[in-house]
Amino acid sequence: MTYTPLLRRERNSQRITLKQKVASGGQGTIYRCSDAADLVVKLYKEPPADKGAKLLAMLTHPPADSMQQHGHISLAWPIDRVLDARNTCVGFLMPSIDPISCIPLFQLYNPRRRRQIAPGFTWRYLLRTARNLAGILQTLHTKGYVVGDLNESNIFVSTRALVTLVDCDSMQVPKIGSGAFRCPVGKPEYTPPELQECDFGSIDRTASHDTFGLAILIFQLLMEGNHPFAGIRKAKGASLTEAAQNIRTGHCPYTATGAQLISPPLGALPFTTLPPELQVLLKHCFEEGLRNPSLRPSAGTWYQALSEAEQQLTQCRINQQHWYSNHLPTCPWCARMRLGIPDPFPTVIQQRNPPSTRRGIRTVHPATQQKLAGQRGQPVTPNQSYRSQLPASQACGAAHKPQVKQGTLSGTLLRSLGSLLLIAVLSLTILRFNTGQVPYSMGNQRIGSSPPLTTKGFSKRAAPPTPARGYPSFAQAKDAIAYYYTHGSDFSGKNVIQHFDRVTYGSFIGPTDQPRFIACAQYQYAYVMSPEVTQNTARHTFTFQYTNSAWSVIDMGNWNSC
């Protein structure tokens, strides 16, 4: 449906025809423009009194966008004001961002979502994304602009790790004379402590306020989306603490002071995974620079450090999708997979239920094998079967009758009877195991004090057959469950597991090369965004599967299936 109010561009008075709505927010709505496919129009719902003057200042002194000549838009910057029939500024024109090639930042640093929409986006690309983001902020700060509302929702990233900053009209813009058009909005999770619970519309922000949010975004990009101020309180029942609350109180689990009070979330990537120079800058920002904004690393400092860190990356020998800092002795992603945590950068997409290897096996006559072996220089391609290289008389399923020798019929009958007898014996054996299975269980063991699983004290009835690799330890199981719950389930970003009350292991199922079992877990969780931390009890099933020499959780189900 076409929306056609009387609108025109200010510079050339060209009529603007609006098409379908693209997005809508608290301040305005974005429409596609029928006159130019590469432009969109943002119309304000209630234009502030100074919005027209602010847009004029942005049009008069735009920052440099060096990537524009390479076909990329780093800033969705206004290019013209939009006037109505009364010559009142009601919005502006800006470049259109391709929703197919550009991905919101918060979807990239989430491992589960990244595997779905950008499976080839490695940790090296995430590091490059952080560097490019720091470069954009450095350019803005040089021109006197302050983003103000820097958060994970107004940043888009291309598949080449190129960054685009949107909602530029909400930035703090220097006035042509003196003063600034302030930024009236902000997210508490990215706001420094000195601005927490303040009226943003009455405060002139500085570049150091932006660099605090920049450090948080860099941390989230490189640490699988975890917030640097999110953690679990060590006292008062090990309850979850809110990130914004920890920013106000100055409690960061990765600093010397904060680590005494809170610990990182369950399954969080170790802080030592980061390159050493980035660890130093993050501690400067969240410890020394927490109360002293002048000590926070600038955007230019971050850009330089991230550029140097990228040059010090090394590639895993096992999985070429694994990149990590060369100060580590081994690949951290492979190490986490051995703990049961899903691979954040898989090289291939694995099938959950691989087809049986028995079906599809072709037997080739010895004479045919000898003939094929003699055809040197004619290798069989993956998309070409042996059938295509055989004569019609020797191809599987060819229309000819094989000669049956005397005595073959009686031998076939005996072999059939033997097969039936073997199937009956196996069926009785399987039935016996199914009636005598006892699930392995653990009860009332909290995180941090859980010994490995043993069979001591279990029922004397026969246990199910166990593969040589055995069950994962309780420490591995709780890490795998917590990681999947936080990054792979529908509760991602909503709830966080605090501790486990009880975990019960079921019997092994599936093929022996990739066995599975169902674990029934009862645990305490808390709401991530709730101001008042409330503990709740929940029970779910978690399906474990053994792949790539490690146990990992692949699915989550209802407790009733236990």
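**Group meeting: Asp80 and a three-stranded sheet**

Okay, let's start with Asp80, which sits in strand E5, the stretch covering residues 80-83. Keep in mind that what you're looking at is a predicted model.

So, is Asp80 buried or exposed? With a relative accessible area of 0%, Asp80 counts as buried, because the cut-off for that is under 20%.

Who's around it, then? Leaving out residues up to four places away in sequence, Asp80 touches Arg9, Glu10, Arg11, Leu59, Phe92 and Leu93. Pick out Arg9 from that group: its side chain makes a polar contact with the side chain of Asp80, at 3.2 Å. And if you'd like a distance to try in the viewer, go from Asp80 to Met58. They're 22 residues apart in sequence, and their C-alphas are 9.8 Å apart in space.

Right, let's move on to a sheet. This one is open, has 3 strands in the order E7-E8-E9, and the pairing is antiparallel. Which strands are at the edges? Those are E7, at 102-104, and E9, at 163-165, and each of them pairs on one side only. On average, neighbouring strands in this sheet are turned by 35° against each other, if you ignore direction.

Let's zoom in on E7 and E8. Strand E8 is residues 155-158, and 3 bridges join E7 to E8, with the two running antiparallel. If you want a pair to click on, take Ile103: its bridge partner in E8 is Val157.

Last thing: what lies across E8 and E9? That's helix H4, residues 123-142, and H4 runs at about 40° to E9. That's me done, thanks!

Key: Residues numbered from 1 in each chain as written. Predicted model: local features only at pLDDT ≥ 70, side-chain atom pairs only at ≥ 80, totals over all residues. Heavy atoms only, no water. Helix = DSSP H or I, 4+ residues; strand = E, 2+ residues; numbered from the N terminus. Buried < 20%, exposed > 50% of the residue type's maximum accessible area, 1.4 Å probe, protein only. Contact = heavy atoms within 4.5 Å. Polar contact = N/O pair within 3.5 Å; in protein donor to acceptor, adjacent residues only side chain to side chain. Pairing = 2+ DSSP bridges. Axes fitted to C-alpha atoms, helices over the stretch in contact; angles between N-to-C directions.
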